[in-house]
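Please explain how the helices and strands of this structure are arranged with respect to one another. A formal account in running paragraphs is requested, with the cut-offs of the terms stated.

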Amino acid sequence: MTVSSRTPRPIDHLVLPVSDLAIARDRLSALGFTVARDARHPFGTENCCVFLSDGSYLEPLGIANREECEDAARKGNVFVARDQAFRFRRGLEGFSGIAMATGDAWEDDQRYAAAGLSGGEVLEFSRDMLLPDGTSATGSFRLAFAADLRSPDFFFFASQRILPLPSDRKSLEAHENGVVALAEVVLSEQNPTDFQYLVQEATDEREVEALSFGMSVDTPRGRITVLNDAGLEGFYGISPVAGTDRGLKGQALVFKVTSLADCRRLLEQRGVAFRERDDRLLVPPAPGQGVLFVFGE
């Protein structure tokens with residue numbers, strides 16, 4: 001594929017493993033997010049999504065049936081296998097993957113394979129979702145996976161909505177904290193550019209901004225930044241962990257809000273711990289929220 005034929009992919013959603021959906025729902029609600037009803041996948045996992053008005057969403061991912069998950073992983077389901085591996089290596093909560101929106105997951109799969117970055121077989125599935133008015137809808141999806149064996153704790157995949165869920169989700173996209181968009185996702189790695197090609201192929205974007213402490217790639221919906229230890233500490237106050245192994249790690253989600261003052265007031269009223277840094281509110285991880293959440297205008 002030539003550079004001229006590339007079509008930069010927007011971020012579709014973020015995979016956030018959690019130990020329990022009820023705990024995640026309580027935590028996200030306390031942070032001022034509107035959380036959709038629980039939904040089951042046909043391979044043993046479940047979620048309670050947070051939809052943003054920019055078209056992206058958060059996917060807190062839980063285990064509904066461990067036996068079904070283990071069976072799906074044994075049969076080659078990459079999505080479940082990656083989730084199982086993440087929980088084994090990193091714990092039950094965190095940030096394990098980024099889905100990029102695509103109109104043709106098969107084409108993305110071929111592109112990943114040509115670059116030596118295929119993460120496994122394409123996955124197709126359907127799932128039902130309960131809407132706020134009590135009705136239900138079925139969505140069908142096709143996923144193509146991009147991964148690097150040097151990075152076992154983080155992966156990318158292209159997500160094609162074959163049969164999209166209803167687009168009119170305005171009630172689910174309105175959040176008390178004023179969040180309107182996903183501004184940035186932050187990953188870490190000792191030498192960020194070691195994974196430059198993976199990020200470029202996942203986003204289908206060749207332009208990379210070199211930073212003093214890492215690199216960034218802009219997508220049509222949100223920026224993906226990879227920082228080294230000095231960058232994480234300097235920008236987000238995340239201290240390096242001694243003996244941390246190599247590979248990409250999910251570290252933080254940065255949201256755009258309509259009013260920082262209103263967001264601050266809501267967090268204070270609900271007793272949510274946060275600190276202020278560079279005109280942004282930083283909420284440290286807690287049960288149901290596996291990574292740092294950052295709110296800014």
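At the start of helix 1, a side-chain oxygen of Asp20 lies within 2.8 Å of the backbone nitrogen of Ala22. The model is predicted, so to speak of local features requires pLDDT of at least 70 and side-chain atom pairs count only at pLDDT 80 or more, whereas totals for chains, interfaces and linings use all residues. Residues are numbered from 1 along each chain as its sequence is written, and side-chain values use heavy atoms, with hydrogens and water left out. Helices (H or I, at least four residues) and strands (E, at least two) are DSSP runs numbered from the N terminus.

Helix 1 spans residues 21–30, and its buried residues (under 20% relative accessible area, with a 1.4 Å probe and protein chains only) are Leu21, Ala24, Arg27 and Leu28. These residues lie on the same side of helix 1, because they cover an arc of only 125° around the axis, the arc being that of the directions from the helix axis to the C-beta atoms. Their cover includes strand 3 (45–47), strand 4 (50–51), strand 5 (57–63), strand 16 and strand 17. Just after helix 1, Gly32 has a positive phi of about 95°.

Strands 16 and 17 also belong to an open sheet of eight strands, ordered 11-12-13-10-14-17-16-15, with mixed pairing; two strands pair if DSSP finds at least two bridges between them. Strand 11 (209–211) and strand 15 (275–276) are at the edges, each with a single partner strand, so one side of each lacks a neighbour in the sheet. Strand 11 runs antiparallel to strand 12 (residues 214–219), to which three bridges join it, and Ala210 stands opposite Met215 in strand 12.

Two helices pack on this sheet. Helix 7 (residues 229–236) touches strands 10, 13, 14, 15, 16 and 17, where contact means heavy atoms within 4.5 Å. Helix 8 (residues 260–269) touches strands 14, 15, 16 and 17.

At the other edge, strand 15 pairs with strand 16 in the antiparallel sense over two bridges, and Glu276 has Leu281 of strand 16 as its bridge partner. Three residues lie between the strands of this hairpin, in which Asp278 takes a positive phi near 55°. In a regular strand the side chains alternate between the two faces of the sheet. In strand 16, Arg280 and Leu282 point one way and Leu281 and Val283 the other way, and all are buried. Strand 16 also pairs with strand 17, in the antiparallel sense over four bridges, and there Val283 stands opposite Phe293.

Note on methods. Axes are lines fitted to C-alpha atoms, for helices over the stretch in contact, and angles run from 0 to 180 degrees between N-to-C directions. Buried means under 20% relative accessible area, exposed over 50%, partly exposed in between (1.4 Å probe, protein chains only). A polar contact is a pair of N or O atoms within 3.5 Å; within protein, one must be able to donate a hydrogen and the other to accept it, and residues adjacent in sequence count only if both atoms are side-chain atoms.
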